[in-house]
Every structure is written in structure tokens, then in C-alpha cells.
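Trainee: May I ask for a close look at the salt bridges of this protein? I should like to know where the partners sit and whether they are buried or exposed.

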Amino acid sequence: MRIVDIREVAIPLNSSIRNAVFDFSEMTTSVVAVITDVIRDGKPIIGFAFNSTGRYACGAQMRDRLIPRIMKANPESLLNDAGNNLDPEKILSCMMQREKPGGHTERSVAVGTIEVAIWDAVAKIEGLPLHVTLANQFSGGKVRKEIPCYVGGGWYAPNKGIPQLLEEIQSRLDQGYTTMKIKVGGAPIEEDIARVEASLKIVGGGQNLAVDANAGLSPERAIAYAKALQPYQLRWFEEPTDPLDFALLAEIVDIYSAPIGTGENLFSTQDIRNLVQFGGLRKETDIIQIDIPQSYGIVQFSRTLKMLEDRGWGRHSIFPHGGNQMTLAIVAGFGLGGCEAYPGTFGVFAGFADDSRVANGKINLSERPGIGFEGQNALYEIMRNIV
């Protein structure tokens, strides 16, 4: 058993939406295929993944360093102890050879994307959905049939005012979602508060509405937003500060009693440890939003999770960034707090299997082997065309 080839292609998102920091007009993502020599139904088993949206394609690092290290390794050194499947932990170690500590985002997205594709292949070799494979390894075999899922949106876009925002929210509620997240920070604060107040009238209360500033606020604006949003007791206030300004985050936590959500722009176990140690976060209140495929992948996330659990954080407090089939499987496999969704936002890379269902704020899990990209026809068409 061995990996025959690993391929990557960069795909543009072609989106005009924006948040408080940037628009997505230049955004690209890397699609990866890990081809094995395991044959099933006359075809080789192939693992797929992509680096979830928000960071650009990272094929250069893959081609220059990571893929060659895997392909040069003794194939047996990349197998589990039984020799009957790939071992993602060993492959992660192989990719990390001769990598200097620190500088995580230069490589964490590239490493994590390949690593998640490895897991897709591992689960397919087992003949199991990835969430079952992960539950067996990391959750004592507790397999979930559905998980909580909130929907993100409320983007700033040309000719989009409050009426259009409310139409968007109502359409998501009609689709079965119960909690909505909208953007703030890309307009004057008075305008954003008006958007929040209008949204609350539709969603049924602050517990059903989150806001996301995408780390785009100056310190002065971040504090002003925290004070202005405080009366509404929202589900959470996401990314109010620069991701590494833990002192400012702690200051905001002191004046904002409702939940804070953060962590999607931190890409290492060490950074998350510093976040919970120095950022003032409250383990029974706040939300951690690690983007797992962008943070070295599933094996490293399991280490981050252990670190958090050792410090008293529960899995229910982790809502990973990434509204896609990969994150859905990972959330279910580890039994985390919930998953986000971005239907129709990032083209073929948004959303879940074509036959997925959302009801009462929960989404069902795919029973297809692996991550289940084969159930997303438009995305899978791109994936299978690179092999």
C-alpha cells in the first residue's frame, strides 16, 4: 500500500462579497488529490480536500517541499502499525521535516489541506464515513447522525441594504437554520447597529444572532462596538480584535458579558494556548473557532483539543470555521459544538452534500465513505478532473 501521486490545482472563487477587511475578488483555493494504489470497484482510492476559503491557494509550498517529502519517503514508513492503511500522524511528521518552529501560516494551510485529503483516503480505505472514522479514534466510538449548524452571511455587497439583508435572513430561516451570523465593521457603527436591530426582529432574539467583525476593527472601534452590542446579548461577537492582540481581547472581554468568538486566524496549538491563557476568554461562555484544515489538519487539532481540555475547555465550546463538508465531518467526528454553513456564498466550495438536510438548526451527516465530496456534484466534478 502506498501513495502513488499527490496533485494540486488552484481554483478562483470569483466572488464580489466583502467583510470588514477585504473583498474576495482575488481569492483562490487549492484543491488536492492524494492518489493511492488501493483499488476498489476497479478504481484507485483517492483522497480529496481543499484549503477552506479565506486563505489563498498554497500550491507552491506543496510542490516545493511537502509533496516531495511524502513521495520520497519509504512507503512502509507512512503506514499504520498494522500495515493496512495510511497513518496521517506519520505523514504529518514526514511533511514537517526540516521546518523551523513558528511562521505557521506559511505552511499550516498547505500541510493541513494535504493531511485532510489523507484522512479522506484513510476513511475510504476503511469503507467508512470520515466522521465515523474520527469518532472511533477520538470520541470513544460515539457516532452522531446530526449536529448543530448555524448559517453565516450578512455580507456587504453592492446595492445591499437592510431590506435585502432581511430577505437573506428570512430565506435561511426558511431553509431550516435557526441561528444567523452577519458582518459588522464594514460600515459606520450606527448603520451596523441598525442592521443588528432589524435582524433581531426576524431571528427571534439575541441567542439566534451572531456578528462577525473579521478582526477588522481598530482598538478604539472594537471597544466602541463591544459597548454598543452589549445590550443585545448576541449569540457571540466574533473576531473583534487583531487575532494576536490578546491584551486588547482581554480588555474587551472585561466589558462585554455575552460570548466572544475567535481563533479562526490562529494556526497552531501554541497560538491557541496563548489565546486561552492571555486573551481573557471564559471557558463556559466563549467560543473557539479553529479552522482545522488550515491549522495543520486533524492530527494537530487533536493535540490542540487535548491542550484545551486539560485547561478545562469542553468540546461544546468549539465551533470550527469553515462551512464545508470537511468541517462538517470533523465536527461530528470529534463531537464539537457545531458547524457553520455558507450556502451559495463561495461557489462550489460552499455548503455540503447535495442531499443534505437542515431542520431545526441541525444538519444530517453523509453516509458516503470518506468526507463525502462525491455527494457534491459540482465540486466533485472539479476534483475528479485533476486526477
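Mentor: What follows takes the salt bridges in turn and then the network that some of them form.

The model is a predicted one, in which local features need pLDDT of at least 70 and side-chain atom pairs count only at pLDDT 80 or more, while totals for chains, interfaces and linings use all residues. Residues are numbered from 1 along each chain as its sequence is written, and side-chain values use heavy atoms, with hydrogens and water left out.

A salt bridge here is a side-chain nitrogen of Lys or Arg within 4 Å of a carboxyl oxygen of Asp or Glu. By this rule the count comes to 21.

One of these joins the side chains of Arg65 and Glu99, at 2.8 Å from N to O. Arg65 belongs to helix H1 (residues 59–72), whereas Glu99 is in the loop between helix H2 (88–95) and helix H3 (108–126), so the bridge ties together parts that are 34 residues apart in sequence. Helices (H or I, at least four residues) are DSSP runs, numbered from the N terminus.

For accessibility, buried means under 20% relative accessible area, exposed over 50%, and partly exposed in between (1.4 Å probe, protein chains only). Arg65 counts as partly exposed because its relative accessible area is 23%. Glu99, with a value of 16%, is buried.

Arg65 also forms a salt bridge with Glu106, and here the closest N and O atoms are 3.0 Å apart. This pair again links distant parts of the chain: Arg65 is in helix H1 and Glu106 in the loop between H2 and H3, 41 residues apart. Glu106 counts as partly exposed, because its relative accessibility is 38%.

A further bridge, between the side chains of Asp192 and Arg195, lies within one helix and has an N to O distance of 3.0 Å. Asp192 and Arg195 are three residues apart in helix H6 (residues 189–203), so about one helical turn separates them. Both Asp192 and Arg195 are buried.

As for the network, salt bridges that share partners join Arg65, Arg69, Glu99, Glu106 and Arg107. Within this network, Arg65 is bridged to Glu99 and to Glu106. Glu99 is buried, whereas Arg65 is partly exposed, and so is Glu106.

Note on methods
Helix = DSSP H or I, 4+ residues; strand = E, 2+ residues; numbered from the N terminus.
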